[in-house]
Amino acid sequence: MAYAAFRSIGAYTPSKILSNSELSQMVDTSDEWITKRTGIKERRIAADDEFTSDMGAKAAQKAIDRSGIDKSEIDMVVCATISPDYFCMPSTATIISTKLGLGNVTAFDISAACTGFVYVLSIAKAFIESGMKKNVLIIGAEKLSAITDYSDRGTCILFGDGAGAAIISATDNKEEAIIDVHTGADGQFADLLMTPNGGSGSMHDSLDQEAASCFMQMKGNETFKVAVKTLTKDVVDILNDNGIEASDIKHFVPHQANLRIIKAVGDALKLDDKQVVITVEKYGNTSGASIPMAINDIYENKTLKAGELMLLDAFGGGLTWGSALVPFSPLKK
Ligand code: UT7
């Protein structure tokens with residue numbers, strides 16, 4: 001049987017920084033409030049002519065360069081995004097694969113909001129273990145600034161742009177394989193976090209400006225409470241199912257939505273601060289891109305080493321959730 005190994009990571013962050021003090025000129029908020037309630041100090045914003053696929057392709061190129069796998073060997077590209085280049089089609093994954101010159105590959109997007117990267121990881125694992133694919137490029141890429149309402153202080157302080165990507169490839173060696181991925185969803189809570197306009201569910205009456213806009217709306221406080229509960233249960237379940245202790249985890253990489261959520265989950269699991277990866281202060285919430293961007297940070301600052309075990313944990317619109325136990329298994333040492 002083939003196993004799936006997490007070979008490499010890459011990320012891209014746009015150069016433009018949007019600070020809390022700049023946001024406080026746009027809506028009724030302050031650096032103090034944002035810092036205290038979210039931990040966010042700044043977030044990155046893509047240029048007008050910089051699309052989700054541009055960021056995804058740059059992150060992916062880095063992941064390919066670091067993987068030791070030739071791009072001609074990649075046979076599938078899956079992109080997690082809620083801010084695709086084009087509404088409906090073509091998929092951002094197909095655009096990215098063309099920008100990378102990958103030729104004939106299977107390529108598609110998935111929509112699982114902030115859990116997107118855990119979902120694409122589970123897809124890559126399943127395709128590889130079934131023997132259908134050998135080298136899968138997975139991407140989380142978001143231009144959330146394009147779907148953020150900058151007059152809504154409940155959301156615009158949170159979100160940012162960026163992309164992360166990884167190469168997952170087949171191996172015979174179980175020791176280096178992804179141990180487990182859990183994913184779940186419950187549409188009962190769909191209205192907590194959604195883009196209510198712009199889709200077929202809202203366009204039957206009119207195609208007016210409001211219906212055409214795709215801004216995110218969130219019931220922040222309710223979402224917060226479900227997030228803490230779900231993220232904690234997620235990791236407890238995956239650790240128990242696999243007989244792994246929280247202390248065995250080298251890097252806990254949660255979705256970066258809010259520092260208070262991350263700390264609450266870390267405390268519930270009695271994790272040491274050193275185990276918990278935090279990037280929310282500099283990137284804000286980049287939805288499906290947040291986990292691979294955080295993994296890239298610990299890779300680039302040389303905290304992440306070959307063989308170390310990561311625990312990924314995500315939660316987002318849908319509602320969706322997911323967790324994964326992933327050893328870092330680069331081919332290049
Ligand atoms: O990524 C997917 C999942 N997303 C999340 O997990 C996000 C979860 N939610 C959150 O991170 C937090 O709920 C927020 C950061 C969005 C909001 O923080 P909160 O502590 O839950 O605030 P709240 O909504 O309970 O509002 C408390 C007060 C309210 O004022 P009053 O009614 O007490 O007078 C709000 O109007 O804070 C006010 N407020 C703000 N004040 C200054 C809300 N947003 C702001 C703001 N600046 N940006």
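Which atom of the ligand is 3.0 Å from an N or O atom in the side chain of Arg260? In this predicted model, the partner of the Arg260 side chain is an oxygen atom of the ligand, at 3.0 Å. The protein covers 71% of the 950 Å² of accessible area that the ligand has on its own. Two further polar approaches involve Arg37, with a polar side-chain atom 2.7 Å from an oxygen atom of the ligand, and Trp33, with a polar side-chain atom 3.4 Å from a ligand nitrogen atom. The ligand is surrounded by 23 residues, of which Thr29, Arg37, Asn221, Asn258 and Asn285 come nearest.

Arg260 also takes part in helix packing, as described below. Helix 7 (residues 220-241) packs with helix 8 (residues 259-268) at an angle of about 35 degrees, the axes being 9 Å apart, and the crossing of helix 7 and helix 8 is right-handed. Helix 7 contributes Phe224, Ala227, Val228, Leu231 and Thr232 to this contact, while helix 8 contributes Arg260, Ile261, Ala264, Val265 and Ala268; by class, eight of these residues are nonpolar, one is polar and one is charged.

Most residues other than glycine have a negative phi, and most peptide bonds are trans. Against this background, the bond from Met89 to Pro90 is cis, with omega near 0 degrees, and Pro90 lies in the loop between strand 4 (76-80) and helix 4 (92-99). A cis peptide bond also joins Gly318 and Leu319, with omega about -10 degrees, Leu319 being placed in the loop between strand 12 (309-316) and strand 13 (320-327). Ser287, in the loop between helix 9 (280-283) and helix 10 (290-300), has a positive phi near 50 degrees.

Key:
Residues are numbered from 1 along each chain as its sequence is written. This is a predicted model: local features need pLDDT of at least 70, side-chain atom pairs count only at pLDDT 80 or more; totals for chains, interfaces and linings use all residues. Side-chain values use heavy atoms; hydrogens and water are left out. Axes are lines fitted to C-alpha atoms, for helices over the stretch in contact, and angles run from 0 to 180 degrees between N-to-C directions. Helices (H or I, at least four residues) and strands (E, at least two) are DSSP runs, numbered from the N terminus. A crossing is left-handed if the near helix is turned anticlockwise from the far one by less than a right angle, and right-handed if clockwise. Contact means heavy atoms within 4.5 Å. Ala, Val, Leu, Ile, Met, Phe, Trp, Tyr, Cys and Pro count as nonpolar, Asp, Glu, Lys and Arg as charged, and the others, Gly among them, as polar. A residue is near a molecule or strand if one of its heavy atoms lies within 4 Å of it. A polar contact is a pair of N or O atoms within 3.5 Å; within protein, one must be able to donate a hydrogen and the other to accept it, and residues adjacent in sequence count only if both atoms are side-chain atoms. Accessible areas come from the Shrake-Rupley method with a 1.4 Å probe; for residues, only the protein chains shown count as cover.
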